Amino acid sequence: MRILFYGDIVGKVGRDAVHLSLPSLVEKYAIDFVVANGENIARGKGITESDYRFLLDSGVDVVTLGNHWHSKKQIDDFLPDAENLIRPLNLKGDVPGNGSAVFSVHGVPLRITNLLGQAFMKEEVDDPIDALASLPSEPILHLVDFHADSTSEKAIFAHYYDGMVSAVIGTHTHVQTNDATILSNGTAFLSDVGMCGDPDGIIGWEADSVIRHIVKGENTPFSLNDNAKHMICACILDLDEATGKAKSIVPLRKILER
Ligand SMILES: [Fe+2]
Ligand SMILES: [Fe+2]
């Protein structure tokens, strides 16, 4: 089974980058299933129902989230019925929607799980290792989007679950790391897949707006450049349907031609 996974989609440019790149990548790499992290799609924070529908209409099969899962409050209206939207599993309390779900890929079951890390994150969540342990061990194909800031927390998680899940793909930092590997017991791991959006800004935001706010202390918001180049950061996973283990992981980072 071949899966295409897009990192955090930031704003309109990220959204369009996914829309424009998806058909040719699916054809070129004979992709069976597409997952995309949509936590930053709505002007950089959160997701609206129209963003979610846009991604599904563009060919994305499942949308995962992260610490910005609730930044647009209207998610409350559509999350309970959004079967292809996965919010973090280890949120505290009684939260609607699914943190993990099983999908049929040409008749073969694949579990997708979204988790939040704890190190350097503002959100208080349950222990991600315990949260994953609460899930059934079937089906054997299981992709985890581990949304976390700390590289070592992601590596600890991936090594702990090596051989028990098919892949641990890190999201959240928006910068693709150069460490794609298959661990010794067969789990594919990439500590961060990166983002889809403006390659010339600061993790997706216009550099000037970030500098004005952070360096100069001005009370101005971060902004996005809707006319930026279209960058995609993604990875392609090849999973063995007989064993649940990964056969290969190939990272992609590309600026689309106009
Ligand atoms: Fe993000
Ligand atoms: Fe995030």
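Here are some worked exercises on the predicted model shown above.

Residues are numbered from 1 along each chain as its sequence is written, chains are lettered from A and ligands numbered from 1 in the order in which they are written. Because the model is predicted, local features need pLDDT of at least 70 and side-chain atom pairs count only at pLDDT 80 or more, while totals for chains, interfaces and linings use all residues.

**Exercise 1. Find how the radius of gyration of the chain agrees with that of a compact globule.**

Step 1: The radius of gyration is taken over C-alpha atoms, and the globule rule is 2.2 Å times the number of residues to the power 0.38.
Step 2: For 258 residues, the rule gives a value near 18 Å.
Step 3: The chain has 17 Å, which agrees.
Step 4: For the outer dimensions, the C-alpha atoms fill a box of roughly 55 × 40 × 35 Å along the principal axes.

**Exercise 2. Decide whether lysine 92 is buried or exposed.**

Step 1: Locate lysine 92 in the loop between strand 5 (85-86) and strand 6. Strands (E, at least two residues) and helices (H or I, at least four) are DSSP runs, numbered from the N terminus.
Step 2: Recall the cut-offs: a residue is buried if 20 or more other C-beta atoms lie within 10 Å of its own, exposed if 12 or fewer, and partly exposed in between, with C-beta atoms placed from the backbone.
Step 3: Lysine 92 has 9 C-beta neighbours inside 10 Å, so lysine 92 counts as exposed.
Step 4: Leaving aside neighbours within four places in sequence, lysine 92 is in contact with Glu124, Val125 and Asp126. (Contact means C-beta atoms, placed from the backbone, within 7 Å.)

**Exercise 3. Work out where the buried residues of helix 5 lie, and what they pack against.**

Step 1: In helix 5 (residues 151-160), the buried residues are Glu153, Lys154, Phe157 and Ala158.
Step 2: Looking down the axis of helix 5, these residues fall within an arc of 130 degrees, so they line one face of the helix. The arc is that of the directions from the helix axis to the C-beta atoms.
Step 3: Their packing partners are helix 4 (128-133), strand 8 (142-147), strand 9 (167-171) and strand 11 (188-190).

**Exercise 4. Trace the open sheet of 6 strands and name its edges.**

Step 1: Two strands pair if DSSP finds at least two bridges between them.
Step 2: The order is 6-7-8-9-11-10, with mixed pairing.
Step 3: Strand 6 (100-105) and strand 10 (181-182) are the edges, as each pairs on one side only.
Step 4: Strand 6 runs antiparallel to strand 7 (residues 108-116), joined by 6 bridges. As an example, alanine 101 has isoleucine 112 in strand 7 as its bridge partner.

**Exercise 5. Describe the surroundings of strand 13 and what it gives to the largest nonpolar core.**

Step 1: In strand 13, 7 of its 9 residues are buried.
Step 2: Strand 13 is joined antiparallel to strand 1 (residues 2-6) by 5 bridges, and to strand 14 (residues 246-255) by 9 bridges, again antiparallel.
Step 3: Strand 13 and strand 14 form a hairpin with 6 residues between them, and glycine 244 in the turn has a positive phi of about 80 degrees.
Step 4: A nonpolar core is a set of buried Ala, Val, Leu, Ile, Met, Phe, Trp, Tyr and Cys residues joined through C-beta atoms within 7 Å. The largest has 65 residues, of which Phe5, Val18, Val168 and Cys196 touch the most other members.
Step 5: Strand 13 (residues 231-239) gives the most to this core, with 7 residues.

Terms used: Contact = placed C-beta atoms within 7 Å.
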